[in-house]
Amino acid sequence: EQLQDYIYTNPLEDIDVLANHYEIDDMDELVIDSFESGIDSCLINGGFNISVNLYLDHEDDDGFTMSFPAKFQASFDTEDGEFKMDSDSVRISVNTDKFYE
């Protein structure tokens, strides 16, 4: 949930360069590839699919939707017995190769 909130509120550079602007439609198929746990924190590596609506210019009202695979890494710290994502640690890489094909 915290990762999803991050994605909806922070620009994704790999997608940002594809169009004038974009809107995220959906994030699904979240998988955890690895999990490293420390005393007060954990590091998670994983992936997901992201669907976005791309708008080519300011006058484009409809845009078009594309889905891309993405990889992420995020650190979570324990705070009052709950894990809180460190937003400065989040790294997201979206594979946009099919956009250019």
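How many bridges join β2 to β3, and which way do the two strands run? In this predicted model, the count is 14 bridges, and the strands run antiparallel. That pairing is a handy way into the rest of the chain, whose secondary structure comes to three helices and five strands. Reading from the N terminus, the order is α-α-β-β-β-β-β-α, with the five strands sitting between two helices on one side and one helix on the other.

Some overall numbers first. Along the principal axes, the C-alpha atoms fill a box of roughly 50 × 25 × 20 Å. The chain has 101 residues, and 34% of them are buried. Its accessible surface comes to about 6,600 Å², with carbon and sulfur atoms accounting for 43% of that area. Looking at contacts between residues at least 6 apart in sequence, 55% join residues at least 24 apart. As for charge, the chain carries 4 positive and 26 negative charges, and the mean positions of the two sets are 7 Å apart.

Now to the strands themselves. On its other pairing, β2 (residues 41–55) meets β1 (residues 21–37) through 13 bridges, again in an antiparallel arrangement. β1 and β2 make a hairpin, with three residues between them. So β2 has bridges to β1 and to β3, and β2 is mostly covered, with twelve of its 15 residues buried. Individual bridge partners help to fix the register: Asp 28 pairs with Asn 49 of β2, while Ile 32 has Gly 46 of β2 as its bridge partner. Towards β3, Ile 44 stands opposite Ala 74.

Ile 32 is worth a closer look. This residue belongs to β1 and counts as partly exposed because its relative accessibility is 48%, short of the 50% that an exposed residue has to exceed. Apart from neighbours within four places in sequence, Ile 32 is in contact with Ile 44, Asn 45, Gly 46 and Phe 72. Gly 46 in that list is also the bridge partner of Ile 32, and Phe 72 belongs to β3. A further pointer towards that part of the chain is the C-alpha separation of 9.7 Å between Ile 32 and Gln 73, which are 41 residues apart along the chain.

Glu 29 is the odd one in β1. Its phi is positive, at about 55 degrees, although the residue is not a glycine. With a relative accessibility of 57%, Glu 29 counts as exposed.

Leu 54, in β2, is a very different case in terms of cover: at 0% relative accessibility, this residue counts as buried. Leaving out neighbours within four places in sequence, Leu 54 is in contact with Ile 15, Leu 18, Ala 19, His 21, Tyr 22, Asp 60, Gly 63, Phe 64, Met 66 and Phe 99. Of the residues touched, His 21 and Tyr 22 fall within β1, and Phe 64 and Met 66 fall within β3. Phe 68 lies 14 residues from Leu 54 along the chain, and the C-alpha atoms of the two are separated by 12 Å.

That leaves the aromatic side chains, where the structure holds three pairs. Phe 48 and Phe 72 form one of them: the ring centres are 6.1 Å apart and the planes meet at 40 degrees, so the pair is tilted. Since Phe 48 lies in β2 and Phe 72 in β3 (residues 64–79), the pair ties together parts that are 24 residues apart in sequence. Both of these residues are buried.

Another pair is made by Phe 99 and Tyr 100, whose ring centres are 5.2 Å apart; the planes stand at 85 degrees, so this pair is edge-to-face. Phe 99 counts as partly exposed, at 24% relative accessibility, whereas Tyr 100 is exposed, with a relative accessible area of 57%. Ring pairs also bring in Phe 64, linking Phe 64, Phe 99 and Tyr 100 into a cluster. Two members of that cluster, Phe 64 and Phe 99, turn up again among the contacts of the buried Leu 54.

Note on methods. Residues are numbered from 1 along each chain as its sequence is written. This is a predicted model: local features need pLDDT of at least 70, side-chain atom pairs count only at pLDDT 80 or more; totals for chains, interfaces and linings use all residues. Side-chain values use heavy atoms; hydrogens and water are left out. Helices (H or I, at least four residues) and strands (E, at least two) are DSSP runs, numbered from the N terminus. Buried means under 20% relative accessible area, exposed over 50%, partly exposed in between (1.4 Å probe, protein chains only). Contact means heavy atoms within 4.5 Å. Accessible areas come from the Shrake-Rupley method with a 1.4 Å probe; for residues, only the protein chains shown count as cover. Lys and Arg count as positive and Asp and Glu as negative; His and the chain ends are not counted. The place of a charge is taken as NZ of Lys, CZ of Arg, CG of Asp or CD of Glu. Two strands pair if DSSP finds at least two bridges between them. Rings of Phe, Tyr and Trp (its six-membered ring) pair if their centres lie within 6.5 Å; planes under 30 degrees apart count as stacked, over 60 as edge-to-face and the rest as tilted.
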